[in-house]
Amino acid sequence: MARLTLETAKGAAIVPSLPTAETLFELGLMYSAGRDCDPDMIKAHKWFNLAAQRGKAEARTLRIELSKEMTRREISEAQRQAREWLRKH
C-alpha cells in the first residue's frame with residue numbers, strides 16, 4: 001500500500017490547501033510511531049510543531065517529549081523543515 005503524505009495528498013487534491021491542526025498532528029504520529037513508514041523523529045517533530053502552531057495542544061506536549069530524545073542538531077533541522085514548509089504553503 002502506498003504511503004500517504006501531506007505532499008502527495010495535496011497533489012491529489014485530497015487535502016485542502018491549508019491542512020488542519022489534526023491532519024498535521026496525524027502526520028506527526030505517523031512518523032513518530034513509524035506507522036506505514038520508517039520512524040523519523042525529525043519529520044515527527046516538524047509535523048507536531050506545525051500542528052501546535054495551529055492550536056493542537058497535544059502536539060505541543062508530544063513535541064516536547066520527542067525533543068528529549070533528539071539532539072540539538074536534529075531539533076534545529078526539524079525547525080528548519082517546518083519553516084521551509086510554512087514558506088511554501
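Reader: Where do E84 and K88 both lie, and how many residues apart are they?

Author: Both sit in helix α5, 4 residues apart, about one turn of the helix. A helix here is a DSSP run of H or I, at least four residues long, numbered from the N terminus. Bear in mind that this is a predicted model, where local features need pLDDT of at least 70, side-chain atom pairs count only at pLDDT 80 or more, and totals for chains, interfaces and linings use all residues. Residues are numbered from 1 along each chain as its sequence is written, and side-chain values use heavy atoms, leaving out hydrogens and water.

Reader: What makes E84 and K88 a salt bridge?

Author: Their side chains come to 3.7 Å, N to O. A salt bridge asks for a side-chain nitrogen of Lys or Arg within 4 Å of a carboxyl oxygen of Asp or Glu, so this pair passes. R87 joins in too: E84, R87 and K88 are linked in a network of salt bridges.

Reader: Why is K88 called exposed, but E84 partly exposed?

Author: K88 has a relative accessible area of 58%, while E84 is at 26%. Exposed means over 50%, buried means under 20%, and partly exposed is in between (1.4 Å probe, protein chains only). So K88 clears the upper cut-off, and E84 falls in the middle band.

Reader: Which other salt bridge has both partners in α5?

Author: R80 with E77, whose closest N and O atoms are 2.7 Å apart. They are 3 residues apart, again about one turn of the helix. R80, at 39%, counts as partly exposed, and so does E77, at 25%.

Reader: How many salt bridges are there in the structure?

Author: There are 6. Another one of them links K68 and E65, with the closest N and O atoms 3.3 Å apart. K68 is exposed at 60%, and E65 is partly exposed at 40%.

Reader: Why is I75 called buried?

Author: Its relative accessible area is 19%, so it slips under the cut-off for buried. I75 belongs to helix α5, residues 72-88. Leaving aside neighbours within four places in sequence, I75 is in contact (heavy atoms within 4.5 Å) with H45, S67 and M70.

Reader: What stands out about D36?

Author: Its phi is near 65°, a positive value in a residue other than glycine. D36 is in the loop between α2 (21-33) and α3 (41-53). At 59%, D36 counts as exposed.

Reader: Why are α2 and α3 called roughly antiparallel?

Author: They pack at an angle of about 160°, with their axes 8 Å apart. Angles over 145 degrees count as roughly antiparallel, so the label fits. In the contact, residues of α2 including L24, F25 and Y31 meet residues of α3 including A44, W47 and F48.

Reader: What makes up the largest nonpolar core?

Author: It has 19 residues, and those with the most contacts inside it are L24, Y31, W47, F48, L50 and A59. The helices α2, α3, α4 (57-67) and α5 each supply at least two of its residues. The largest share, 6 residues, comes from α3. The name covers buried Ala, Val, Leu, Ile, Met, Phe, Trp, Tyr and Cys residues joined through side-chain atoms within 4.5 Å.

How values were computed: Axes are lines fitted to C-alpha atoms, for helices over the stretch in contact, and angles run from 0 to 180 degrees between N-to-C directions. Angles under 35 degrees count as roughly parallel, over 145 as roughly antiparallel, 65 to 115 as roughly perpendicular and the rest as oblique.
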